[in-house]
Amino acid sequence: MSRSIILLFGSAAYVFFFATFLYLIAFVGNLPWVPLTIDRGPIASTGMASVVDLLLVALFGVQHSVMARPGFKAAWTKVVPKALERSVYVVASSLMLILLYAFWRPIVAPLWTVTAPAGQILLWALFGLGWGIVLLSTFLISHFELFGLTQVWTNWRRREIAPMNFVTPFLYKFVRHPLYLGFLIAMWSIPAMTLGHALFAGAMTVYVLIAIRYEERDLVAQLGHEYVDYRGRVGMLTPKLR
Ligand SMILES: C[S@@+](CC[C@H](N)C(=O)[O-])C[C@H]1O[C@@H](n2cnc3c(N)ncnc32)[C@H](O)[C@@H]1O
């Protein structure tokens, strides 16, 4: 495949991912600017909606985790160019999210509703903070590498693609998984929590805990003592008390 086509695909994949990510914020926040959200869309019976919704989260989780494993990547890069591996992953994850947006069935029974203005402001602030932490964490690790742009650009310049560096700047000094933490904060910080939203947040929380297990297993295999020491010093999702 020509280097220019790889670069074009990688750039398009990045834009596609970013649009899907922005939609995710509106979807989870039940914001008015998009047609389908976690609490707005075709209604099914609670039983049917729960099954469909859990299946959609499971599909996303399986795709996201399986395609991130070193064994899968090794086999996959015999089929797709190595420079495109991350971009294809990003496109596949975005497609899974679009599938979730399209087929999600809201369950609008309220679980809690915060009406006090101070409470609403606090929860929306946490919602924004959560997404801010997610985005900031991607930049702390290496935003453009995480979403495949560095790889297609390096390939276009005929340079060798290096594996991602292990780094622990700023938030990574307090918790090992700030990106996932930000995601969890955003999922749960909602003034009007419905049963459907709680199902989504609960299923995603379980997924994050499973994803961390696999991610850390790979990091230990890759980095050995360096990661084991880091894990001893720094908490997973909450800072360790000294
Ligand atoms: C979606 S990111 C999530 C990173 C981290 N789990 C978090 O929540 O902030 C997943 C990728 O980041 C990599 N990663 C995790 N911790 C890292 C670190 N401290 N430095 C560089 N890469 C890291 C993993 O190997 C994986 O490829």
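Select the whole protein chain: of its 242 residues, 25% count as buried. Buried means that 20 or more other C-beta atoms lie within 10 Å of the residue's own; 12 or fewer makes it exposed, anything in between partly exposed, with C-beta atoms placed from the backbone. The model is predicted: local features need pLDDT of at least 70 and side-chain atom pairs count only at pLDDT 80 or more, while totals for chains, interfaces and linings use all residues. Residue numbers start from 1 along each chain, as its sequence is written.

**Whole chain**

Keep the full chain on screen. Its C-alpha atoms fill a box of roughly 55 × 45 × 30 Å along the principal axes. The radius of gyration is 19 Å, which agrees with the value near 18 Å for a compact globule of 242 residues. That radius is taken over C-alpha atoms, and the globule rule is 2.2 Å times the number of residues to the power 0.38.

Now colour by secondary structure. The protein chain has 10 helices and 2 strands. Along the sequence they run α-α-α-α-β-α-α-α-α-β-α-α. These elements are DSSP runs numbered from the N terminus: helices are H or I of at least four residues, strands E of at least two.

**Helices α1 and α4**

Select residues 3-29 (α1) and 85-103 (α4). They pack at an angle of about 30°, with axes 9 Å apart. Axes are lines fitted to C-alpha atoms over the stretch in contact, and angles run from 0 to 180 degrees between N-to-C directions.

Show side chains next. From α1, the residues include Phe9, Phe16, Phe17 and Phe27; from α4, they include Val90, Leu97 and Tyr101. Contact means C-beta atoms, placed from the backbone, within 7 Å. By class, this contact has 12 nonpolar, 4 polar and no charged residues. Ala, Val, Leu, Ile, Met, Phe, Trp, Tyr, Cys and Pro count as nonpolar; Asp, Glu, Lys and Arg as charged; the others, Gly among them, as polar.

**The ligand shell**

Select the ligand and the 13 residues around it. Ile141, Phe166, His177, Leu179 and Tyr180 come nearest. A residue is near if its C-beta atom, placed from the backbone, lies within 6 Å of the molecule. Helices α5 (117-141), α8 (178-188) and α9 (195-223) each supply at least two shell residues. The most come from α8, with 3. The shell divides into 9 nonpolar, 3 polar and 1 charged.

**Last stop: Leu129**

Pick Leu129 in helix α5. Leu129 is partly exposed because 15 other C-beta atoms lie within 10 Å. Then add Ser189: the two are 60 residues apart in sequence, yet 9.7 Å apart in space, C-alpha to C-alpha.

Technical notes:
Contact = placed C-beta atoms within 7 Å.
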